[in-house]
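Biologist: Please take a close look at one part for me, the nonpolar patch on the surface. Set the scene with the overall fold before you get there.

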Amino acid sequence: LLHVAGTVQVGVDDAGHDVIFYGDTASYNMMWDASSSRLELTDNVKINFGTGNDLSIYHTGNHSYIDQQGTGNLYIRNRADDKDIIFQSDDGSGGETAYITLEVYST
């Protein structure tokens, strides 16, 4: 077992190293991809939020989910001045289209 009390640095800053974290289940991991500057999780690996794991974000290989199982409401907020919330999907012709637009309402 490794126990660290303090800061942990893996790799050298600005040297472009990937970092992979493995659990005890085969084929499940998360990786910091240095060349793409992003965190990648394998299918069925969930990011959970809350002390009771009330909110999960994950991809099954076929579908993607934002799953709220807590007791409160699920809020999707846009706090940018005079901007909308737009839900987009494939338009069937290789592009994207807005399926639902929640527009800013001014009085």
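Modeller: Sure, starting with a yardstick: the radius of gyration is taken over C-alpha atoms, and the rule for a globule is 2.2 Å times the number of residues to the power 0.38. For a compact globule of 107 residues that would come out near 13 Å, but this protein has 19 Å. Keep in mind that this is a predicted model, where local features need pLDDT of at least 70 and side-chain atom pairs count only at pLDDT 80 or more, while totals for chains, interfaces and linings use all residues. Numbering runs from 1 along each chain as its sequence is written, and side-chain values use heavy atoms, with hydrogens and water left out.

The C-alpha trace spans about 60 × 40 × 30 Å along its principal axes. There are 8 strands and 0 helices (DSSP runs numbered from the N terminus: E of at least two residues for strands, H or I of at least four for helices). Buried residues (under 20% relative accessible area with a 1.4 Å probe, protein chains only; exposed is over 50%, partly exposed in between) make up 7% of the 107 residues. Among contacts (heavy atoms within 4.5 Å) with a separation of 6 or more, 0% join residues 24 or more positions apart. The accessible surface (Shrake-Rupley, 1.4 Å probe; for residues, only the protein chains shown count as cover) comes to about 9,400 Å², and 48% of that belongs to carbon and sulfur atoms.

Now your patch. Ile47, Phe49, Ile57, Ile66, Leu74, Ile76, Phe87, Tyr99, Ile100 and Leu102 make it up, with about 970 Å² of accessible area together. To join a patch, a residue needs over 30% relative accessible area and no salt bridge; nonpolar side chains (Val, Leu, Ile, Met, Phe, Trp, Tyr) are linked within 5 Å, like charges within 9 Å. Who contributes? β4 (47-49) and β8 (96-102) each bring at least two residues, and β8 gives the most, with 3. Leu74 sits in the loop between β6 (64-68) and β7 (85-90), and Leu74 counts as partly exposed because its relative accessibility is 47%.

Away from the nonpolar side chains, there's also a charged pair. Arg38 and Glu40 form a salt bridge at 2.6 Å, N to O; the rule asks for a side-chain nitrogen of Lys or Arg within 4 Å of a carboxyl oxygen of Asp or Glu, and the count by that rule is 1. Arg38 is partly exposed because its relative accessibility is 44%, and Glu40 is partly exposed too, at 24%.
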